[in-house]
Amino acid sequence: MTFFNRVFWRPDVDDEVDEELAFHVEMRTRELVARGMSFDAARREAERRLGDRARIRATLHRLGTGRNRYMRRTQYLSELRQDIVFAMRQLLKNPGFAAIAVLTLALGIGGTTAIFSAVYAVVLRPIPLFEPERLFVVGESFQGLPSSMSVGNYVDANAGVTAFEGLAAEQFANFNLSDAGSAERVIGGRVTANYFDVLGAQPLAGRVFTADEDSPGRDLVVVLSHRLWVRRFGGRPIVGTSIRINGRNSVVTGVMTAAFDLTSDGEELWVPIAFTPERKAMHDEHYLSVYGRLARGVSTQQALQQLESVAARLRHDFPRDAGELHYSMQSFREQFVGSYRSRLFILLGAVGLVLLIACGNVANLLLARGAARGREIAVRTALGAGRGRIVRQLLTESAVLALTAAAAGLVLAHWFITGVVAASPPGVPRLEQARVDPVALGFALAIAIACSVLCGLAPALRLARREIQTGLREGGRGSTRGGFRDRLRASLIAAEVALSLLLLVGAGLLIRSALALQQVNPGFDPHGVLSARVALPQTSYGDPAHARDTFQRLADDVANAPGVTHSAVASYAAMGPGGGSNGLLTEDAGAFDLRKLIQSQLRIITPDFFAAMRIPIVKGRGFTADDRRGGLKVMIVSETLAARAFPGQNPIGKRIGCCEQGSDGAPSYKVVVGVAGDVRSRGPATRPNPEFYLPLTQAPDAAWDWIGRTMYVVARTDGDPQALAPPLRAALARIDPDLPLFDVRQMDQRLTATLATARFNTLLLSLLGAVGLLLAASGIYGVIAYFVSQRTQEIGVRIALGASSADVVRLVLREAMRPVALGAAVGVAAALGASRLLSSQLFNVSPTDPLTIAAVVITLVAVALVASVIPARRAAAVDPTRALQWE
Amino acid sequence: MDRIPPPSTELLHGTLDALILKTLAGGRLHGYAIAQVIEAATGEAIVVEEGSLYPALYRMERKGWIEAEWGVSESGRRAKFYRLTPRGRRQLAVQTAEWARFSAAISRVLLAT
């Protein structure tokens with residue numbers, strides 16, 4: 001209260017009331033005395049007429065307090081308006097200063113807002129499903145590794161668990177859409193009837209599947225995604241009509257809402273999965289994604305316990321297929337957002353550092369301008385403005401600055417977002433939904449306010465603290481503590497250096513990783529190879545022999561296509577989707593024991609695959625046309641598999657059981673005839689997995705279901721690989737004109753794509769590092785230039801006394817480098833602590849890589865030196881006579 | 001209430017405000033003087049009670065119709081003076097017009113023969 005009393009010259013409400021009432025009583029008394037009453041009687045009568053004094057006092061106190069509060073607010077608002085108008089005039093009066101400060105902050109605010117809106121779109125925005133926090137992805141773990149679920153394990157978990165309102169299963173698959181003339185390949189899901197219920201999604205039109213339709217023979221129905229409906233069917237009424245899927249007519253029962261297109265590359269249609277009774281008894285073959293909606297009031301722990309008791313029973317009942325079965329649960333959100341959460345938050349942190357550096361620069365600009373405004377402030381103080389009032393006015397100025405910058409920053413953010421979305425690697429969920437929306441707007445406003453305090457408070461406090469007399473006497477030229485002993489400015493430099501060092505170390509580590517990744521030999525030669533995929537629909541290619549013969553014909557036709565030097569078909573090539581793995585058991589291992597299984601990636605190939613991919617055969621031989629069906633069953637193993645299965649032995653001639661059972665139920669053994677070089681199948685950053693190869697001719701019949709009758713065609717040429725696409729398409733059309741050749745890409749493009757996310761992060765962080773460095777350099781330059789200008793006189797004296805210009809340059813540099821060194825030390829310490837956050841994104845580089853840190857420190861110091869040399873040389877050129885005349 | 005209340009305060013809420021505004025239209029006055037002037041002008045038909053006068057003054061100050069300042073009274077004592085603001089002047093015009101309409105309407109009923 002006292003503070004406001006002083007500011008607004010208002011007496012305390014109680015004093016005011018008491019005095020006013022006392023005056024009233026006194027006047028009344030006087031009047032009565034004048035009419036002839038005695039003083040005492042008059043006094044009593046006056047008091048009586050006043051009535052209940054305590055009550056009046058209380059009423060007036062309440063009214064008076066409310067009145068004061070209201071008037072304070074009115075006054076505050078009118079002062080705020082004055083301050084804002086004044087601040088704008090000030091900015092317009094110094095357009096150069098205003099432009100630099102606004103642009104600097106706009107860059108920081110715009111960048112931060114852009115990355116924030118990406119974080120918001122991908123990570124923070126609620127998932128548009130009913131109560132997504134109750135949704136979980138239920139999987140299996142095999143030898144501690146997560147895996148998809150087998151049908152049997154799904155069916156039993158669904159039957160044996162009450163913790164979920166439902167468990168729904170989905171098998172991702174590609175579908176051939178072949179109505180309306182053009183054949184097209186779309187991603188879709190085979191799902192159980194409760195799939196949409198469990199996810200909590202309603203159709204936009206029509207209905208989803210009934211349980212009845214989720215059974216073999218009645219399953220020729222399909223639900224379309226909104227995207228497919230609009231894209232392919234123009235959004236016209238379609239429920240109840242038939243469309244051609246995988247060569248069969250299916251009735252469209254419903255269309256989902258646009259919100260159910262969770263990502264831009266998700267499923268485009270769903271059909272019933274329609275398990276056969278035999279399938280439901282299969283505990284091998286793990287390919288289901290299972291979603292569970294936790295029942296209300298049930299904990300994850302309880303659900304896991306129920307799942308575990310089912311798993312225990314299955315382990316006991318099916319020791320061979322489910323001997324090591326455990327179930328696992330992961331929140332749907334976690335699975336959905338994946339590793340992008342940490343990547344995006346790291347980017348947000350980096351861009352936040354840039355913003356801080358920008359704030360440092362603007363604080364420095366405000367300081368410099370504050371020094372020039374010393375006289376103005378002193379005059380205002382002398383005229384009665386309190387320190388609080390001055391600080392408020394100066395903060396209003398920086399707030400106007402920051403809000404102007406936020407407005408400009410939002411425009412920049414819009415461009416940045418467009419750029420980020422365009423340049424981002426494919427598959428970042430929901431990134432395309434990032435935009436400058438009300439949330440981003442609120443965020444920009446909030447950080448603008450924070451910035452205005454951050455960069456405005458210190459200069460404002462310093463200005464307001466200055467003695468009035470000093471300000472008036474100095475004539476608004478100098479500052480109270482001139483020169484290099486200015487702690488505030490020196491710590492600004494130190495902070496900017498530390499922040500940009502942190503940024504650059506992050507960028508440096510990522511760049512080192514990127515370089516390391518380029519050195520990695522993927523195990524094959526991706527140049528000059530075109531790859532594409534072909535899927536045979538089960539309806540017309542259900543017979544394993546038919547599928548086998550078709551792919552064999554395709555391989556032969558492609559081999560004869562013009563320009564092709566080597567070619568093959570393969571169930572999996574490299575760096576793409578597809579593929580599968582099997583458990584292998586060597587003959588030497590003896591009796592079946594789950595723990596001795598070696599999980600290995602399967603490739604069913606035609607003989608020329610190794611030549612087409614240039615994968616070396618390091619031992620033994622490759623496949624030949626003589627490896628026929630019915631002949632000796634042969635296998636080629638990768639080096640990693642050979643080392644794992646036969647450590648220290650020659651693998652050639654050894655026998656490995658896998659993939660199928662012999663006629664008598666015994667393992668079906670294959671003889672190892674060759675060892676192939678390791679391939680980093682999932683990208684250069686991944687470790688080579690154990691892999692094995694079977695010839696197409698000897699492919700197990702069951703394998704066609706495992707791989708969905710989908711194979712890669714790979715063809716090598718001496719010319720342009722893209723030129724092979726038309727002959728490949730022609731070859732496929734000769735075999736079956738209804739089949740689309742899809743996912744046509746050059747092998748080196750696939751390789752590049754696996755690194756897209758890493759490259760994107762590296763690019764962005766390097767960009768941010770460069771911007772940070774630039775801002776820091778300009779900040780250092782500004783401060784040193786200011787220091788020099790403040791000490792022109794002293795330097796003049798030194799030169800007059802015989803100091804050489806080298807002495808002067810040395811002096812300035814020495815003083816300038818002190819805060820730089822301090823900042824670098826702090827920055828290195830911070831980097832050592834913080835770079836661990838990056839470790840998941842690093843490849844063959846330690847988060848505390850001394851080389852990177854040293855390089856960054858040297859770069860920074862060099863840049864800081866350059867930034868200080870310019871003002872230092874200016875100092876050395878000072879004309880002593882001019883300098884001494886200054887006063 | 002053992003006393004018959006002055007008819008005006010009970011009769012019409014807000015009339016006191018109008019009377020105060022009208023009184024202040026002549027120049028700045030302290031609270032006691034306002035009461036005196038009103039009483040004198042109405043021939044003591046209306047007695048302004050302190051318990052109504054001061055709350056009314058505080059309220060009108062809050063509304064910005066009047067403003068207060070401390071000054072020295074005719075008797076040489078510190079006193080709080082009230083003065084009409086431009087807004088108060090407008091308010092007075094509004095209330096006067098309203099009162100004229102209102103009293104004419106009442107008159108037409110009560111004084112009808």
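How many disulfides does a search of the whole structure find over all chains? The answer is one. Since the model is a predicted one, that count comes from the positions of predicted atoms. The bond in question links C658(A) to C659(A), with 2.3 Å from sulfur to sulfur. Its torsion about the S-S bond comes out at about -80 degrees, so the disulfide is left-handed. Both partners are tucked away from the surface: C658(A) is buried at a relative accessible area of 4%, and C659(A), at 16%, also counts as buried.

What about C451(A), then, and which cysteine sulfur is closest to its own? That turns out to be the sulfur of C359(A), 3.3 Å away. A disulfide needs the two sulfurs within 2.5 Å, and the gap between C451(A) and C359(A) is therefore too far for a bond. C451(A) is buried as well, with just 2% relative accessible area. C455(A) tells a similar story, as it takes part in no disulfide. For C455(A), too, the nearest cysteine sulfur belongs to C359(A), this time at 4.8 Å. With a relative accessibility of 1%, C455(A) counts as buried.

Now for the place where the two chains meet. Chain A and chain B each put 26 residues into the contact. Between them they bury about 2,500 Å², and 56% of that area lies on carbon and sulfur atoms. On the chain A side, the residues that lose the most area to chain B are E20(A), F23(A) and H24(A), which together make up 26% of what that side buries.

Charged groups pair up across this boundary too, with seven salt bridges counted between chain A and chain B. One of the salt bridges pairs K80(B) with E16(A), where the closest N and O atoms sit 2.2 Å apart. Looking at polar contacts, the rule finds eleven residue pairs across the interface, with both residues at pLDDT 80 or more.

Which elements of chain A give two or more residues to the side that touches chain B? They are the helices α2 (13–34), α3 (39–50) and α4 (53–93). Of the residues on that side, α2(A) supplies the largest share, namely 13. Sorted by class, the chain A side that touches chain B has eleven nonpolar and eleven charged residues, plus four polar ones.

Key:
Residues numbered from 1 in each chain as written. Chains lettered and ligands numbered in written order. Predicted model: local features only at pLDDT ≥ 70, side-chain atom pairs only at ≥ 80, totals over all residues. Heavy atoms only, no water. Contact = heavy atoms within 4.5 Å. Buried area = accessible area lost by both parts, 1.4 Å probe. Salt bridge = Lys/Arg side-chain N within 4 Å of Asp/Glu carboxyl O. Polar contact = N/O pair within 3.5 Å; in protein donor to acceptor, adjacent residues only side chain to side chain. Helix = DSSP H or I, 4+ residues; strand = E, 2+ residues; numbered from the N terminus. Nonpolar A, V, L, I, M, F, W, Y, C, P; charged D, E, K, R; others polar. Buried < 20%, exposed > 50% of the residue type's maximum accessible area, 1.4 Å probe, protein only.
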